[in-house]
Amino acid sequence: MLMSFAISSLKSRGKSLALTFLSLLISVSVLLSVEHVRLQAQASFNRTVSDVDLIVGAPSGQLNLLLYTVFRMGSPTNNIDYASYTMLQNHPQVSWAIPISLGDSHKGYRVLGTTQAYFEHYKYGNKQPLTFAEGNTFSGTFGTVIGADVANTLNYQVGDNIVIAHGMGAVSFHNHDESPFTITGILAPTGTPVDKTVHVSLAGIEAMHLPPAQLHELLEHPEEADAQLLKVDSVSAIMLGLTSKFATFTLQRELNNYPDDRLMAILPGVALAEMWQMMSSIENLLRFISLLIMLSSLFGLSTMLLASMQQREKEIAVLRIIGAGAGTIFRLILTEALLLSAAASATALLLVFAVFTLTADWLASEYGMFISANVFNLHNLLVIGIILGATLICSLVPAFDAYRGAINHKL
């Protein structure tokens with residue numbers, strides 16, 4: 001009966017109710033969105049590269065190794081011997097190995113030297129493989145595969161020729177004009193640093209650094225190229241997939257103590273989690289702003305209920321006449337506030353679900369944020385529970401005011 005009367009009472013104040021409901025809806029939606037994006041963004045950040053068990057490079061610090069291999073930021077302090085890559089390829093605990101060679105660029109985009117294993121085994125997101133929007137993997141020494149952002153920004157097509165420059169600046173004074181690369185494929189968007197990368201073969205990296213005479217001979221007779229000319233001596237890093245996850249720590253310890261080369265092996269998941277912690281201040285700032293918005297709306301709800309007390313004197317008088325006690329009036333005000341807050345929270349939950357359902361693919365391709373539309377989870381329900389608790393606290397003032405009014409009416 002109390003619930004029914006509370007609903008009828010709210011309906012009688014349509015305009016002020018609509019404005020308060022809209023204010024609560026916006027604030028709850030913002031709070032739920034920030035919380036959901038925060039959790040999903042962390043998970044998405046951790047999925048920039050997936051299904052890679054170890055990343056091996058020269059000792060330079062865990063974050064630095066992660067930055068230049070996964071995010072294409074920074075530079076390796078040193079390379080590792082190609083013999084170490086060969087050893088890992090043949091290691092009984094290694095299922096596959098992806099070599100990475102860095103140091104060159106094309107119009108500000110990083111050039112990454114690798115092998116066909118990169119396109120077969122590199123994964124991102126929820127273990128999603130790389131796919132081609134156009135063309136296929138590089139073939140021959142001077143083939144290249146470019147990321148989606150490189151193709152879109154520079155308006156490249158399959159078959160176009162590009163010139164790679166030494167170094168990593170947007171402007172270089174040392175271009176390898178004698179050895180242009182032909183685009184053989186364009187990768188589909190991933191929302192990861194892969195989109196901003198130019199991929200070439202390890203042999204291609206070696207070829208463009210050959211002396212002019214040898215390079216000319218190679219370009220004239222590519223099928224007769226001497227393998228010794230294109231021999232790879234070192235790589236920047238290696239990504240590994242293991243035959244068993246249980247071998248991860250054993251192999252990591254083995255590589256960190258490898259006697260024939262200075263190696264450092266890191267777990268990408270651990271390194272990504274450490275990097276995310278460095279951004280915790282921004283995360284906390286977003287949560288603080290959302291809470292302020294929420295509190296302002298709850299105070300607005302409390303103000304609306306207080307302002308309605310004078311208009312409801314007759315209503316309270318009628319309730320007292322028909323036998324409602326002051327405690328009933330007190331509970332009625334609390335019930336109205338909770339009903340309004342619960343309705344706004346439920347609507348906000350549906351609204352956020354709809355928004356993320358419609359924008360999930362766009363966020364993944366444009367920003368690399370693989371945000372699930374599943375907002376109906378325990379965390380969000382806990383957030384709504386906190387909102388209802390805060391509503392109860394904020395509505396105590398108008399409820400107590402109504403309680404005093406009911407007692408005074410009796411007197």
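**Exercise 1. Which residue in the turn of the S3 and S4 hairpin has a positive phi?**

Solution. Some ground rules come first. This is a predicted model, where local features need pLDDT of at least 70 and side-chain atom pairs count only at pLDDT 80 or more, while totals for chains, interfaces and linings use all residues. Residues are numbered from 1 along each chain as its sequence is written, and side-chain values use heavy atoms, with hydrogens and water left out.

- Step 1. Locate the strands. Helices (H or I, at least four residues) and strands (E, at least two) are DSSP runs, numbered from the N terminus. S3 covers residues 94–106, and S4 covers residues 109–114.
- Step 2. Check the pairing. Two strands pair if DSSP finds at least two bridges between them. S3 and S4 are antiparallel over four bridges. His106 has Tyr109 in S4 as its bridge partner.
- Step 3. Read the turn. Two residues separate the strands, and Lys107 has a positive phi of about 50 degrees.

**Exercise 2. Find the parallel partner of S4, then judge how covered S4 is.**

Solution.

- Step 1. S4 pairs in the parallel sense with S12 (residues 197–201), over five bridges.
- Step 2. Gly113 stands opposite Val200 in S12.
- Step 3. Apply the accessibility classes: buried means under 20% relative accessible area, exposed over 50%, partly exposed in between (1.4 Å probe, protein chains only). Six of the six residues of S4 are buried.

**Exercise 3. Test the length of helix H11.**

Solution.

- Step 1. H11 has 28 residues, 280–307.
- Step 2. The expected span is 1.5 Å times one less than the number of residues.
- Step 3. H11 should therefore span 40 Å, and its end C-alpha atoms are 40 Å apart, which agrees.
- Step 4. List buried positions. Among them are Ser290, Met294, Ser297, Leu298 and Leu301. An α-helix has 3.6 residues a turn, so residues three or four places apart point the same way.

**Exercise 4. Compare the settings of Arg72 and Asn155.**

Solution.

- Step 1. Most residues other than glycine have a negative phi. Arg72 has a positive phi of about 55 degrees. Asn155 has a positive phi near 55 degrees.
- Step 2. Arg72 is in the loop between H3 (62–70) and S2 (80–81). Asn155 is in the loop between H6 (148–154) and S9 (161–162).
- Step 3. Arg72 is buried, because its relative accessible area is 8%. Asn155 is exposed, because its relative accessibility is 58%.

**Exercise 5. Describe the surroundings of Met275.**

Solution.

- Step 1. Met275 sits in H10 (residues 268–277). At 11% relative accessibility, Met275 is buried.
- Step 2. Contact means heavy atoms within 4.5 Å. Not counting residues up to four places away in sequence, Met275 touches Phe45, Leu63, Leu66, Leu67 and Phe71.
- Step 3. Met275 and Phe45 are 230 residues apart in sequence, yet 9.6 Å apart in space, C-alpha to C-alpha.
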